[in-house]
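Here are my notes on the model you sent over. I went through the ligand site and then the cysteines.

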Amino acid sequence: MDILGIDIGGSGVKGALVDLEKGAFSSERHRIETPRPATKNAVAETIKRIVEHFNYQGPVGCGFPGIIHNGVAKSAANMHKNWVDVDAEKLFSDVCGQEVFVLNDADAAGIAELEYGAGKGLKGLAILLTIGTGIGSALIKDGTLIPNTEFGHLEFKGDIAEKYCSDAARERLDLKWDKWGKRFNQYLLHLERLFSPDLFILGGGASKKFDRYEHELKNEARVIPALLKNQAGIIGAAHYAAQRSRK
Ligand code: BGC
């Protein structure tokens, strides 16, 4: 069965049906602008519109851009503050009238890369970073995901790292890709000092431009772009929903 995966991002909420055998979309992607302000009720309505667009019945997986602990939002850096401590799974399930399973967006991307993409069969320690409005992270050790790592919120250069080198920071500061690559490289070196990973996987919007800044990345661990590019969040969310609904 195809499962609906949804990715809530800082600028768009995107959904697609996912063929879990193939780890690929089986429908067109449907995108709705993220409501501003991105309050809990406004975002829940958007999720409902996506479910309705696909006329979908069944478990839904949804990646959220903040800490999700047992279905409850514990942070909301790029969403409205009224998200904190909200049971996102209950809210979305109630509004949509079907079961919605929620996890952190970068963890969703990590699950997808692990199952179908750049992390498949991987031994050792990998850090996946999604580079978009914020920086999300997924930590994967020998195929096991350690959720909610929030490496984009590590203190770095006087603020949190995502303020220094997310894609939104690149746009805000109007940086050329190589200038931004230099900044991002400093952040990778910092992560390398702290965690000694074997591999970095770069996902999110900036992963599509990897060839523009690859030459600036001078750290020791291998760095590769996410294989599923920015489809990973949706595919991973669908995979997560399928697993949870079977339990
Ligand atoms: C949030 C993370 C999220 C990332 C990417 C950060 O600001 O704290 O939870 O994964 O943005 O959306």
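**Notes on the ligand site and the cysteines**

1. Let's start with N78. An N or O atom in the side chain of N78 sits 3.3 Å from an oxygen atom of the ligand. Keep in mind that this is a predicted model, and that the distances here are computed from it.

2. Two glutamates also reach ligand oxygens with their side chains. For E150, a polar side-chain atom is 2.4 Å from an oxygen atom of the ligand. For E162, an N or O atom of the side chain is 2.8 Å from a ligand oxygen. As for cover, the ligand has 310 Å² of accessible area on its own, and the protein covers 94% of that.

3. Who else is around? The ligand is surrounded by 13 residues. N104, D105, E150, H153 and E162 are the closest of them, so both glutamates from the previous point belong to that group. By type, the shell splits into 6 polar, 4 nonpolar and 3 charged residues.

4. Where does the ligand sit in terms of pockets? The space it takes up is the largest pocket.

5. On to the cysteines. If you were wondering how many disulfides there are, a search of the whole structure finds 0. C62 is in no disulfide, and the cysteine sulfur nearest to its own is that of C96, 8.6 Å away.

6. Why is there no bond between C96 and C62? The closest cysteine sulfur to that of C96 is the one in C62, and at 8.6 Å it is too far for a bond; a disulfide needs the two sulfur atoms within 2.5 Å.

7. Are these two cysteines buried or exposed? C62 counts as buried because its relative accessibility is 0%. C96 has a relative accessible area of 12%, so it is buried as well, given that the cut-off for buried is under 20%.

Key: Residues numbered from 1 in each chain as written. Predicted model: local features only at pLDDT ≥ 70, side-chain atom pairs only at ≥ 80, totals over all residues. Heavy atoms only, no water. Near = heavy atom within 4 Å. Polar contact = N/O pair within 3.5 Å; in protein donor to acceptor, adjacent residues only side chain to side chain. Areas by Shrake-Rupley, 256 points an atom, 1.4 Å probe, with all protein chains shown as cover. 1 Å grid on protein atoms, 1.4 Å probe; cavity = no way out; pocket = protein on both sides within 12 Å on 5 of 7 lines; lining within 4 Å. Sits in = over half its atoms within 2 Å of the grid points. Nonpolar A, V, L, I, M, F, W, Y, C, P; charged D, E, K, R; others polar. Buried < 20%, exposed > 50% of the residue type's maximum accessible area, 1.4 Å probe, protein only.
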